[in-house]
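Trainee: Could you please show me how to read a helix and the empty space inside a protein?

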Amino acid sequence: MARRRKHWGWGYEDEAVSAADAAGASALVEERLGFAAQAPEEPVPLEAAALRAPRPLPPPPAGVPWDVSDHARATHAWGKSYLDVVRALRGRFDHAPDAVARPGDECQVAVVLEWATEHGVAVVPYGGGTSVVGGVTPAVDGPVVSLDLGALDAVLEVDPVSRAARVQAGILGPELERRLREHDLTLRHFPQSFELSTLGGWIATRAGGHFATGPTHIDDLVESVRALTPAGTWASRRLPGSGAGPSPDRWLLGSEGVLGVITEAWVRVQPRPRHRASRAVRLPSLELGAEAVRTIVQAGLRPANCRLVDAAEAAFSGAGDGRHALLVLGFESVDAPVDGLLARGLELCAEAGGTWDEPAGAGHREGAAGAWREAFLRAPYLRDVLVMLGVLTETFETAVTWERLPALHAAVRDAARGALGDERALVTCRITHAYPDGCAPYFTVLAPARRGDEEAQWWAVKRAASEALLAAGGTITHHHAVGRDHRPWYDRQRPDPFADALRAAKAAVDPAGILNPGVLVDPLALPPS
């Protein structure tokens with residue numbers, strides 16, 4: 001029997017954490033965060049949840065698997081933001097779709113779009129449901145169907161000569177890597193949501209993997225994209241590069257389901273790395289660590305991993321002592337040993353006051369680096385426990401040029417703390433991705449939740465941090481996408497003529513405005529008939 005996803009939080013039903021299990025983590029929360037956990041809150045069972053009856057829909061298209069069960073509708077009502085988890089924990093599913101369509105192939109996707117256009121039913125494309133910005137929440141007026149692409153999960157072709165693979169959009173990260181491993185290949189794209197997110201979702205949201213330099217955004221790994229729109233098929237030619245006008249697949253990257261339903265893509269793959277070397281470097285401060293990172297990337301070393309974590313976050317993850325920032329620096333190669341690259345990188349770290357321990361054995365993932373990696377992978381599960389224990393936990397990520405980093409860091413940290421108004425709150429920062437001209441700071445907020453008032457508390461810190469990072473020259477998102485939550489700041493960030501062009505493009509391919517209404521743009525008002 002297939003494993004079922006939890007109706008709240010992260011993961012599957014057989015991984016559910018009880019209130020008693022959460023209570024066992026209370027002491028650790030106080031030790032690591034410096035404030036006491038609250039009494040653990042038991043999740044509301046699905047059968048006791050507030051789930052309205054589905055609105056009447058026209059008869060569904062013949063042959064398309066259709067699901068109106070409470071479990072299907074509840075698990076497609078929210079993504080995985082902090083507020084989504086809190087609401088679902090308490091049995092709230094305000095925006096449950098009226099049905100979940102599960103097409104088995106591209107033809108059935110086309111049939112659903114034709115049916116929805118004819119009957120005026122909104123369609124929200126759904127991959128793994130891991131959005132943390134409201135991107136898959138069917139918060140629309142009128143009837144709505146969640147279009148689950150999970151059955152489109154095949155690797156259709158592998159081209160070992162050009163090193164590319166043709167892959168369906170609904171495949172989950174682990175299954176994609178398993179299938180590519182059969183050919184000794186890998187995509188090397190590992191977002192934190194990797195376990196439960198899909199290729200189509202990565203493309204639709206311009207996801208970023210955990211590799212800090214080089215090809216990190218899915219943009220860099222896409223060779224061509226195929227999508228279905230109410231107006232027809234949108235497919236780009238498979239090419240290593242092209243100067244022929246605006247790129248068709250670049251339009252689909254980051255389109256978040258408003259221009260079409262991504263059904264497959266050719267992606268660039270590579271042989272599995274055979275040479276690796278890494279160290280965990282202690283640095284006196286985040287500021288000196290950032291200087292080391294900048295020097296490394298501007299020297300052209302291109303480390304696979306170059307993640308810098310401030311002292312507080314290093315301590316919380318169990319990777320540091322709370323007195324030093326921690327830089328996880330790693331190199332890898334298909335072709336040749338990388339020890340020389342690591343040695344040069346460490347020299348540059350030493351110039352910034354960095355120190356490190358030599359590994360006791362052959363394993364480079366032991367010690368602080370291994371602890372950080374484990375914390376990174378388990379973070380979505382840990383968040384569920386923190387929510388049950390009454391801890392507000394949220395993240396804000398951005399990108400900014402190097403010269404603006406110090407001011408942005410201070411502004412966002414101070415704005416978040418000020419909005420929370422609680423001296424116990426922690427605001428930590430790490431640098432997740434690095435470029436020659438800038439980096440991606442990633443902030444984590446941890447504070448006692450005001451139970452029953454989490455929504456107001458969350459929005460207060462969300463607005464404050466978003467205003468601060470935009471004013472300091474950052475982007476509203478580096479790799480979490482726009483969704484519904486980031487719309488106000490995205491609207492201010494983009495040029496108005498571009499917004500007009502995007503609305504016109506949507507009107508051309510989705511004239512009835514059925515695809516994910518309210519995300520990225522509001523549809524053009526149609527003239528009265």
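Mentor: We will take one helix and then the cavities. This is a predicted model, in which local features need pLDDT of at least 70 and side-chain atom pairs count only at pLDDT 80 or more, while totals for chains, interfaces and linings use all residues. Residues are numbered from 1 along each chain as its sequence is written, and side-chain values use heavy atoms, with hydrogens and water left out.

Trainee: Which residues of α11 are buried?

Mentor: An α-helix has 3.6 residues a turn, so residues three or four places apart point the same way. In α11, which covers residues 339-351, the buried residues (under 20% relative accessible area, with a 1.4 Å probe and protein chains only) are L342, G345, L346, L348 and C349. They lie on the same side of α11, because they cover an arc of only 160 degrees around the axis. The face turned away from that buried side carries G340 and E351, which are exposed (over 50% on that scale).

Trainee: How many cavities of 30 Å³ or more does a search of the whole structure find?

Mentor: Rolling a probe the size of a water molecule over the atoms shows where empty space is left. A cavity is a set of points, on a 1 Å grid over the protein atoms alone, where a 1.4 Å probe fits but cannot get out, and its lining residues have an atom within 4 Å of a point. The search finds 3 such cavities, and the largest holds about 70 Å³ of space. Its lining has 14 residues, with H7, W78, G79, K80 and A88 nearest the centre, and α4 gives the most, 3 residues.

How values were computed
Helix = DSSP H or I, 4+ residues; strand = E, 2+ residues; numbered from the N terminus. Expected span 1.5 Å × (residues − 1). Arc of directions from axis to C-beta. 1 Å grid on protein atoms, 1.4 Å probe; cavity = no way out; pocket = protein on both sides within 12 Å on 5 of 7 lines; lining within 4 Å. Points joined across faces, edges and corners; volume = space filled by probe spheres on them.
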